[in-house]
Amino acid sequence: MREAYIVTSVRTPGCRRNKGAFAKTRPEDLLKTVVDAIFERTPNIEKKDVEDIMIGCAFPEAEQGLNIGRVIAQMCKFPDTTCGATVNRFCSSGLEAIALQIMRIKAGWCEVAIGGGVESMTIVPMGGNLPRPHPEWAKENPDVYISMGITAENVANRYKITREMQDEFGYHSQMKASNAMAKKLYKEIVPTPAKRYVEKNGTWIEETVLQDFDDGIRPTTTLEGLKKLAPAFAANGSVTAGNSSQTTDGAAATLVMSEDAVKKFGLKPIAKMVGYTVAGVRADEMGVGPAYAIPKLLKLTGKKLEDIGIFEINEAFASQAIYCLQQLGLYEKRELWASDSDKRIINVNGGAIALGHPLGCTGAKLCAQLMTEMRERGVKYGVESMCIGGGMGAAALFELVE
Ligand SMILES: CC(C)(COP(=O)(O)OP(=O)(O)OC[C@H]1O[C@@H](n2cnc3c(N)ncnc32)[C@H](O)[C@@H]1OP(=O)(O)O)[C@@H](O)C(=O)NCCC(=O)NCCS
């Protein structure tokens with residue numbers, strides 16, 4: 001099979017649902033910013049060269065509905081010949097979109113394409129605007145519909161992931177992200193127009209500012225402060241706002257190409273995607289997904305855990321992230337994930353607890369982060385993985401192009 005390359009990978013900042021910078025900005029506008037940014041960051045390529053745009057979205061309705069892939073192609077003034085599709089695998093949708101484009105290129109069915117993701121959790125709430133579980137089936141099968149927070153409580157209770165462990169993990173996520181933000185390490189961020197309304201002389205005026213940082217990061221986080229937070233999902237539970245992923249608005253996009261196209265346009269790609277896989281698990285403990293998807297990916301690609309120099313494992317909740325790291329034999333090696341360790345290789349610049357988890361965007365967002373980290377650190381193999389609502393895990397292996 002042919003090779004397929006990641007050439008450019010960018011994201012908007014992640015901004016807090018309702019309270020953050022993108023609360024008044026439509027998802028199409030977030031997506032337009034990153035898709036257009038690909039052409040500002042990639043020389044020699046024009047919109048007419050792109051055959052297809054595939055966009056992940058977990059709740060593809062209302063403002064992010066219809067077929068957002070095709071809508072965005074037209075909004076960004078691609079010619080009519082550039083097609084578009086929407087992909088939904090909940091939390092891995094953005095990665096699924098990139099992987100589908102990679103597979104099409106590998107198969108020889110396409111030369112140049114964009115995969116990405118978008119989610120405005122402010123505008124389309126988690127669960128959608130009108131959730132409609134099947135009334136009879138749901139009585140016997142409620143797990144597919146339960147709150148993700150309850151699945152995180154289930155993981156904590158079943159596998160004895162204590163509140164202290166979760167808070168400590170949340171604290172380190174915040175510290176890693178605070179450090180990365182202060183040192184301007186998120187090179188993949190595209191400054192993104194954000195609408196807001198300000199009162200001037202008794203009149204509300206719309207203005208647009210450029211948002212260039214993730215506004216959920218809390219540098220003042222302390223373990224004592226986290227300890228005081230009330231459980232968010234169960235009266236006597238251990239999952240809180242401080243050890244859960246934040247609900248977030250954002251978009252991300254990645255340009256992928258065949259080897260022939262890379263040569264034709266004279267580009268230097270960042271990495272190639274070596275493999276991608278999904279693994280099914282019980283819906284009521286969906287967070288365990290990466291513990292199954294990552295070993296499956298390693299087997300598929302003939303790699304060992306020790307070959308991997310960097311991991312982006314989505315922190316949907318600290319309980320599930322810790323469980324997955326335990327199963328991989330990585331949690332006990334604190335130096336691999338702690339913020340005060342120079343040897344850390346897991347979520348090196350923080351994870352979704354600090355940076356947010358904009359559902360359908362997350363897979364594309366983590367790809368953009370991973371591409372920056374692999375390139376900046378010269379890491380040969382990187383793995384991206386996440387758990388998925390409904391009971392799944394996804395994982396992808398990337399190899400840096402030297
Ligand atoms: C857990 C959850 C319900 C919390 O929602 P929320 O109350 O809106 O959360 P916020 O981030 O606004 O935090 C609420 C408060 O907790 C406190 N808090 C949060 N993080 C904190 C930290 N690191 N340190 C100290 N206090 C913190 C603050 O007082 C904050 O209020 P403020 O923003 O006014 O300062 C929500 O984030 C959630 O649902 N997360 C999971 C999303 C999910 O299921 N995704 C899919 C996964 S598969």
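**A guided tour, starting from helix α9**

Select residues 289-301 in this predicted model. They form helix α9, whose 13 residues reach 18 Å from first C-alpha to last, close to the 18 Å expected at 1.5 Å a residue.

Next, colour the buried residues of α9: Gly289, Pro290, Ala291, Tyr292, Ala293, Ile294, Leu297 and Leu298. To see what these buried residues pack against, add the strands β9 (271-280), β10 (310-313), β11 (381-388) and β12 (392-400), together with helix α10 (318-327). Then move to glycine 302, which follows α9 and has a positive phi, near 70 degrees.

Now turn to the interior. The largest nonpolar core holds 123 residues, and Leu31, Val34, Ile55, Val256, Met257 and Ala364 have the most contacts inside it. Select isoleucine 55 from this group. Neighbours within four places in sequence left aside, the contacts of isoleucine 55 include Leu31, Ile68, Ile72, Val87, Ala97 and Val118.

The ligand is the next stop. Of the 19 residues around it, Met148, Thr221, Ala241, Ser244 and Ala316 come nearest. Two elements, α5 (148-158) and α7 (223-227), each give two or more residues to this shell. Which kinds of residue make up the shell around the ligand? Seven are nonpolar, eleven polar and one charged.

Finally, display the whole protein, with its twelve helices and twelve strands. The C-alpha trace spans about 65 × 60 × 50 Å along its principal axes. The radius of gyration is 20 Å, which agrees with the value near 21 Å for a compact globule of 402 residues. Buried residues account for 56% of the 402. Of the contacts between residues at least 6 apart in sequence, 81% join residues at least 24 apart.

Note on methods:
Residues are numbered from 1 along each chain as its sequence is written. This is a predicted model: local features need pLDDT of at least 70, side-chain atom pairs count only at pLDDT 80 or more; totals for chains, interfaces and linings use all residues. A residue is near a molecule or strand if its C-beta atom, placed from the backbone, lies within 6 Å of it. Helices (H or I, at least four residues) and strands (E, at least two) are DSSP runs, numbered from the N terminus. Ala, Val, Leu, Ile, Met, Phe, Trp, Tyr, Cys and Pro count as nonpolar, Asp, Glu, Lys and Arg as charged, and the others, Gly among them, as polar. A nonpolar core is a set of buried Ala, Val, Leu, Ile, Met, Phe, Trp, Tyr and Cys residues joined through C-beta atoms within 7 Å. A residue is buried if 20 or more other C-beta atoms lie within 10 Å of its own, exposed if 12 or fewer, and partly exposed in between; C-beta atoms are placed from the backbone. Two residues are in contact if their C-beta atoms, placed from the backbone, lie within 7 Å. The expected span of a helix is 1.5 Å times one less than its number of residues. The radius of gyration is taken over C-alpha atoms; the globule rule is 2.2 Å times the number of residues to the power 0.38.
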